[in-house]
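Biologist: I have a model open and want to learn how to read it. Can you take me through it feature by feature?

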Amino acid sequence: MASDLSPEYAYTIVYAKDVAKSVAFYAKAFGYHVRRVDESNRWGELDSGPTTIAFTPIHQRETDDRSGAVQTPHSDRERPPMEVCFSYTDVDAAYKRAVENGAIPVSKPEDKEWGQRVGYVRDIDGIVVRLGSHVVKPTKQD
């Protein structure tokens, strides 16, 4: 009998300085529903459709000892080797809400040549968050 090795994307894990604070920030700034924060404040989850956005502390013995310590940027001219992207129908309103709720503005929304409106902010831990529309195929011009 053959094994089914087709993966299903399940989690994006964000390493945060304060799990409960980051979960509350993402809920308020980006509009997500909090699924849970465990009693130890070492794990939190947001509902995000078919996947989960999870939060765990930057430093923890279980992962630091096995896979190495999480490296954090030393200035606002550096960023982690990942970004989070959320899709909205109204990117300008999403950007405004994020900034009003503590996100650090990086660049205001603008139309990109590939057919997407995109703006960038940083979360409270310095992670870059892209707020973008769905890509719209350009219309043919005669």
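Modeller: Start with the elements. Helices and strands here are DSSP runs, with at least four residues for a helix and at least two for a strand, numbered from the N terminus. Keep in mind that this is a predicted model.

Biologist: What pattern does the protein follow along the sequence?

Modeller: The order is β-α-β-β-β-α-β-α-β-β-β. That comes to three helices and eight strands.

Biologist: What share of the residues is buried?

Modeller: Buried means under 20% relative accessible area. Of the 142 residues in the protein, 36% are buried. The protein exposes about 9,700 Å², and carbon and sulfur atoms supply 51% of that area.

Biologist: What share of the contacts comes from residues 24 or more positions apart?

Modeller: Count the contacts with a separation of 6 or more. Residues 24 or more positions apart account for 47% of them.

Biologist: Now a single helix. Which residues of helix H3 are buried?

Modeller: Helix H3 covers residues 91-100, and its buried residues are Val91, Ala94, Tyr95 and Ala98. Look down the axis of H3: these residues fall within an arc of 100°, so they line one face of the helix.

Biologist: What do the buried residues of H3 pack against?

Modeller: They pack against helix H1 (19-30) and three strands: S6 (104-111), S7 (117-122) and S8 (128-132).

Biologist: Which residue caps the N-terminal end of H3?

Modeller: Look for a side-chain oxygen by a backbone nitrogen. Asp90 is the cap, with a side-chain oxygen 3.3 Å from the backbone nitrogen of Asp92. Past the helix comes Gly102, with a positive phi near 105°.

Biologist: Where is a positive phi found in a residue other than glycine?

Modeller: The general idea comes first. Most residues other than glycine have a negative phi. Asn41 has a positive phi, near 60°. Asn41 sits in the loop between strand S2 (33-37) and strand S3 (44-48). Its relative accessible area is 38%, so Asn41 is partly exposed.

Biologist: On to the core. Which residues touch the most other members of the largest nonpolar core?

Modeller: In soluble globular proteins, nonpolar side chains tend to be buried together. Here the largest nonpolar core has 24 residues, and Tyr26, Phe30, Phe55, Phe86 and Leu131 touch the most other members. Strand S1 (11-16), H1, strand S4 (51-57), strand S5 (84-87), H3 and S8 each give two or more residues to this core. The largest share, six residues, comes from H1.

Biologist: How many aromatic pairs does a search of the whole structure find?

Modeller: The search finds eight. Take Phe25 and Phe30: their ring centres are 5.7 Å apart and their planes lie at 90°, an edge-to-face pair. Both Phe25 and Phe30 are buried. Ring pairs also link a cluster of Phe25, Tyr26, Phe30, Tyr32, Phe55 and Phe86.

Biologist: Let me try a polar residue. Is Glu45 buried or exposed?

Modeller: Glu45, in strand S3, has a relative accessible area of 5%, so this residue is buried. Next, look for polar partners. The Glu45 side chain makes polar contacts with the side chains of Tyr11, at 3.5 Å, and Trp43, at 2.8 Å.

Biologist: Which residues does Glu45 touch, not counting those up to four places away in sequence?

Modeller: They are Tyr11, His33, Val34, Arg35, Arg36, Thr52, Ile53 and Ala54. For distance along the chain, take Ile13: this residue is 32 residues from Glu45, and the two C-alpha atoms are 9.0 Å apart.

Biologist: Thr52 is on that list. Which side chain does the side chain of Thr52 make a polar contact with?

Modeller: That of Arg35, at 2.9 Å. Thr52 belongs to strand S4 and is buried, with a relative accessible area of 7%. Beyond neighbours within four places in sequence, Thr52 is in contact with Ala10, Tyr11, Thr12, Arg35, Glu45 and Leu46.

Biologist: And Lys108, buried or exposed?

Modeller: The cut-off for exposed is over 50%. Lys108 reaches 63% relative accessibility, so this residue counts as exposed. Lys108 is found in strand S6. Setting aside neighbours within four places in sequence, Lys108 is in contact with Tyr95, Val118 and Gly119.

Methods. Residues are numbered from 1 along each chain as its sequence is written. This is a predicted model: local features need pLDDT of at least 70, side-chain atom pairs count only at pLDDT 80 or more; totals for chains, interfaces and linings use all residues. Side-chain values use heavy atoms; hydrogens and water are left out. Buried means under 20% relative accessible area, exposed over 50%, partly exposed in between (1.4 Å probe, protein chains only). Contact means heavy atoms within 4.5 Å. Accessible areas come from the Shrake-Rupley method with a 1.4 Å probe; for residues, only the protein chains shown count as cover. The arc is that of the directions from the helix axis to the C-beta atoms. A polar contact is a pair of N or O atoms within 3.5 Å; within protein, one must be able to donate a hydrogen and the other to accept it, and residues adjacent in sequence count only if both atoms are side-chain atoms. Rings of Phe, Tyr and Trp (its six-membered ring) pair if their centres lie within 6.5 Å; planes under 30 degrees apart count as stacked, over 60 as edge-to-face and the rest as tilted. A nonpolar core is a set of buried Ala, Val, Leu, Ile, Met, Phe, Trp, Tyr and Cys residues joined through side-chain atoms within 4.5 Å.
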